[in-house]
Amino acid sequence: QVLRDLAEISQIRHLPQSPWSPELYETRKALLVSWLSRSFRDDQRVMIKASSFASEIAKELIGPQNKAIFLYVSLNNYLETILAGEGSRQEASQLAGTRLLRLNQKLAEPLENLWQLSHVQQIALGWLCEMSTLMQCYEQFDEPRIHWLNFDIFLQDPVSELIKSADYFGLSLDTGTAKTLISGPIMNSYSKAPEHDYSPDLRRQLLEQARRNFAPQIKQTLNWALGLAKIHPLIDTVIQFANKDM
């Protein structure tokens, strides 16, 4: 939540309505990152797990020395994931206006007005906005500082993908340890609420149900996004990138 709040303030830090001056923003950002980066032994490495809400400050969080993994799914799977849960649908609708504003700031021409978009198109704004933000961050680094990881590819072979991710960060992870981690609770519980079961099999079932229940709306929204890609190069880039492993 604290990173989400920081990302929101970052969008208005130079505007009169900002609660902090630009200087105070920089001071508090540095303090926050130092808090989140603290370790308790010299041999420890710290990883900050940020949600998509913090993508606007991804470059600031990575900085000149750190590395990052950008976890993503295709637009189709994103829509099915959000549509599978009533709470997710409600949250996406609440954030649609802000995400449309942020996305328009990245494009040469604005998209349609929010009230002209269907419910599922408004949900798609989340993916379009956050993926475009991450892609712009990625393109600002001259050296490989970011590893993109397709979550659905990860679920197909979690042991191998976990070892690859560890290697990217310069960490040693053998197959036996990776298998032990994968067989533990992290693959069978909901990350935002660990008290709830949420396995890869359950995820597949929920996505299949959403696919059946919202098939026409999903197809219409995907076609709408492909139409946007013909007009906006940034949207074309992220859609092609996310679909390359499909």
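Student: What is a salt bridge, and how many salt bridges does the structure hold?

Tutor: A salt bridge is a side-chain nitrogen of Lys or Arg within 4 Å of a carboxyl oxygen of Asp or Glu. Side chains of opposite charge can pair when their charged atoms come close. In this predicted model, the number of salt bridges is 15.

Student: Which residue forms a salt bridge with Arg 4?

Tutor: The closest N and O atoms of the pair are 3.9 Å apart, and the cut-off is 4 Å. The pair links distant parts of the chain, with Arg 4 in helix H1 (residues 2–10) and its partner in helix H5 (residues 86–104), 87 residues apart. The partner has 31% relative accessibility and counts as partly exposed. The residue that forms the salt bridge with Arg 4 is Glu 91.

Student: Are Arg 203 and Asp 152, whose side chains meet in a salt bridge, buried or exposed?

Tutor: The N to O distance in this salt bridge is 2.9 Å. Arg 203 lies in helix H10 (residues 200–213) and Asp 152 in helix H7 (residues 151–156), so the pair ties together parts that are 51 residues apart in sequence. A residue is buried when its relative accessible area is under 20%. Arg 203 has 7% and Asp 152 has 18%, so both count as buried.

Student: Where do Lys 164 and Glu 161 lie?

Tutor: These two residues form a salt bridge, with their closest N and O atoms 3.5 Å apart. They are three residues apart, about one turn of the helix. An α-helix has 3.6 residues a turn, so residues three or four places apart point the same way. Both lie in helix H8 (residues 158–168).

Student: Which of the two, Lys 164 or Glu 161, is buried?

Tutor: Lys 164 has a relative accessible area of 46%, and is therefore partly exposed. Its partner has 11% relative accessibility. The buried residue is Glu 161.

Student: What covers the buried residues of H8?

Tutor: The buried residues of H8 are Pro 158, Val 159, Glu 161, Ser 165, Ala 166 and Tyr 168. What covers them includes strand S1 (68–72), strand S2 (146–150), H7 and helix H9 (175–182). One of these elements, H7, also holds Asp 152, the partner of Arg 203. The covering elements thus include S1, S2, H7 and H9.

Student: Which residue with a positive phi follows H8?

Tutor: Helix H8 spans residues 158–168. The residue in question has a phi near 75 degrees. This residue is Gly 170.

Key:
Residues are numbered from 1 along each chain as its sequence is written. This is a predicted model: local features need pLDDT of at least 70, side-chain atom pairs count only at pLDDT 80 or more; totals for chains, interfaces and linings use all residues. Side-chain values use heavy atoms; hydrogens and water are left out. Helices (H or I, at least four residues) and strands (E, at least two) are DSSP runs, numbered from the N terminus. Buried means under 20% relative accessible area, exposed over 50%, partly exposed in between (1.4 Å probe, protein chains only). Contact means heavy atoms within 4.5 Å.
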